Structure formats: structure tokens, C-alpha cells
Amino acid sequence: MLKKAILIGLLAAVVYFVGTKVKMLGFHLHYYKHHPGTCRVIETAGPGSEDFHVTSAGLAFITSGLAFSSAPPSFLEFHKKNNIKGRILIYNFKNPKKGLVELKIKPSETLDLAKFKPHGISVLEDKAKGEHLVYVVNHPIPEPDAVEKFRFNPKTNELVHLKSITSNVMTTTNDLAVGEEDKFYITNFNYFNNYFLTVVEGLFQLPLGGVLYYNGTGFTQVTRRLAKPNGVFLSKDLR
Ligand SMILES: *[C@@H]1O[C@H](CO)[C@@H](O)[C@H](O)[C@H]1NC(C)=O
């Protein structure tokens with residue numbers, strides 16, 4: 001009798017656990033509406049466009065070729081086999097016929113283009129000359145994460161690498177929001193560096209992530225105990 005009760009209790013717990021995870025993953029959700037218009041696939045974007053930033057003039061800066069060390073092993077294998085390159089693309093909403101344009105990247109000593117794996121992106125606009133500062137989260141496996149700072153040259157469609165910002169407080173970072181030059185918020189979304197452990201982290205919603213702030217010289221932890229925080233955005237007053 002007791003055995004049976006325990007068994008039923010365990011079974012109920014398992015069903016409850018699986019049910020809540022299925023609900024969390026949103027298998028039951030369907031979205032039919034897209035605003036403001038129809039969606040169009042742009043084939044030349046390649047795989048791994050995780051983020052983009054649209055300037056006030058309608059120019060979208062898009063990352064392509066995302067991979068990070070805790071991604072599924074089969075995904076990393078696919079990346080390697082197909083020799084997928086990390087790229088930054090632009091798309092002008094005011095001139096959609098032009099399609100995607102890949103930016104040339106002029107690296108510096110601290111940026112190895114062969115290891116460039118761009119993730120989140122944030123643009124600090126230069127409204128006068130269009131020479132925006134572009135900040136990109138990079139996962140240069142097996143090196144630790146870094147934020148790459150570039151200056152955009154609108155005449156040559158070139159990104160000139162200015163510097164890399166890194167710290168051991170960055171675990172697996174995801175997105176960043178730049179308010180002023182060299183000052184940004186950035187999310188730490190995976191605590192573990194291993195695919196299996198990050199699945200556990202996600203399934204149990206372990207609050208091991210957080211948000212960091214970089215003030216130009218160092219990082220401070222502004223929020224802790226978040227489960228896989230992903231995107232980050234700034235209010236207009238930058239607070
Ligand atoms: C920036 O952050 C670092 C690390 O927390 C700190 O040591 C430094 O005093 C801060 N600088 C300013 C100008 O706030």
C-alpha cells in the first residue's frame with residue numbers, strides 16, 4: 001500500500017515536472033500575426049543571425065555565424081564542417097532592393113577573424129557622419145568571451161576594429177546595450193561552459209545568470225539570480 005502510494009506520488013511529480021517544462025517551452029503556442037508586414041527570408045544571411053540593431057536612419061546591423069562553446073556538439077560540428085564565418089551584415093530598410101551587404105572587417109592584434117563568432121550587437125550612433133561605434137559580443141572559442149568595438153565607415157562599408165574588452169566575470173555572454181562610449185550593460189546567460197550542464201541550467205531554470213555593467217574600466221554585477229537572461233535594452237534616459 002505504502003509502496004503504491006509512493007509510486008503514484010513520484011509519477012505525479014514526474015508528470016507535473018514534464019508538464020511545466022513543456023508549457024515553459026511553448027509547444028502549445030502559435031503566432032499567426034506579424035507586424036507591420038510580411039516576413040521575407042534573406043537567403044544570404046547564412047546561419048546564426050542572433051541579433052541586430054537598427055539605427056534611427058533605418059540601417060540594420062546584423063550578426064551572422066553564431067556559435068559558443070556550450071552550443072550542442074552537433075551544431076559546433078556543422079559549423080566546422082561548413083566553415084561558417086562570423087560576419088556582420090547591413091540591411092537598409094530605406095533601400096531594401098539592395099539586400100544584404102557584408103561589411104569588410106579590418107582586424108587589429110586582439111581580433112582573430114578566424115575565431116570571430118558574433119552574438120549580440122549594439123550600435124552607438126554618430127548622427128553627423130554616420131561613423132557609428134559598433135559593439136559586438138564575440139565567442140572566440142576556446143578563448144574567453146569578449147566585446148569587440150568597431151568604428152563603421154559608411155563610405156567603404158568597413159568595420160575598423162578598435163579594441164577588445166574582456167573579463168573573467170563574463171561567463172557565456174549574450175547581448176549588450178551601449179548607452180555611451182565604452183559603457184554598456186551585458187547579459188551573462190549561460191553559467192556553465194558545457195552543453196549538457198547548460199541544458200540542466202535551462203530545464204531547471206537555475207538562476208545562475210545576471211546582468212553586468214561596464215563603466216569603461218571595469219565590470220560590476222548589477223543583477224544576479226536570473227535564469228538565462230538573453231536580450232537587454234536601455235531606456236531612453238540610459239538608466
Ligand atoms: C568602474 O568600475 C570599476 C570596477 O568595478 C571600479 O573599480 C571603478 O572605480 C569604476 N570607475 C568609475 C569611474 O566609476
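**Note on the β12–β13 hairpin, the ligand shell and S122**

1. G209 has L226 as its bridge partner in β13. The model is a predicted one. The pairing belongs to antiparallel strands: β12, residues 209–214, and β13, residues 219–226, are joined by five bridges.

2. Now the turn. Four residues separate β12 from β13 in this hairpin. One of the turn residues, G216, has a positive phi of about 110°.

3. The ligand comes next. Which residues surround the ligand? They are N215, T217, G218, F219 and T220. Of the ligand's own accessible area, 360 Å² when taken alone, the protein covers 34%. F219 also falls within the residue range of β13.

4. What is the make-up of this shell? Four residues are polar and one is nonpolar. No charged residue takes part. For a specific polar contact, look at N215: a polar atom of its side chain lies 2.4 Å from a ligand oxygen.

5. S122 deserves a separate look. It sits in strand β6, which spans residues 118–124. Is S122 buried or exposed? S122 counts as buried because its relative accessible area is 4%, under the 20% cut-off.

6. The side chain of S122 has a polar partner. One of its polar atoms lies 2.9 Å from the backbone nitrogen of V178. Leaving aside residues up to four places away in sequence, S122 touches H53, L133, V134, Y135, L176, A177 and V178. V178 is thus on the contact list and also supplies the backbone nitrogen at 2.9 Å.

Conventions
Residues numbered from 1 in each chain as written. Predicted model: local features only at pLDDT ≥ 70, side-chain atom pairs only at ≥ 80, totals over all residues. Heavy atoms only, no water. Helix = DSSP H or I, 4+ residues; strand = E, 2+ residues; numbered from the N terminus. Buried < 20%, exposed > 50% of the residue type's maximum accessible area, 1.4 Å probe, protein only. Polar contact = N/O pair within 3.5 Å; in protein donor to acceptor, adjacent residues only side chain to side chain. Contact = heavy atoms within 4.5 Å. Near = heavy atom within 4 Å. Areas by Shrake-Rupley, 256 points an atom, 1.4 Å probe, with all protein chains shown as cover. Nonpolar A, V, L, I, M, F, W, Y, C, P; charged D, E, K, R; others polar. Pairing = 2+ DSSP bridges.
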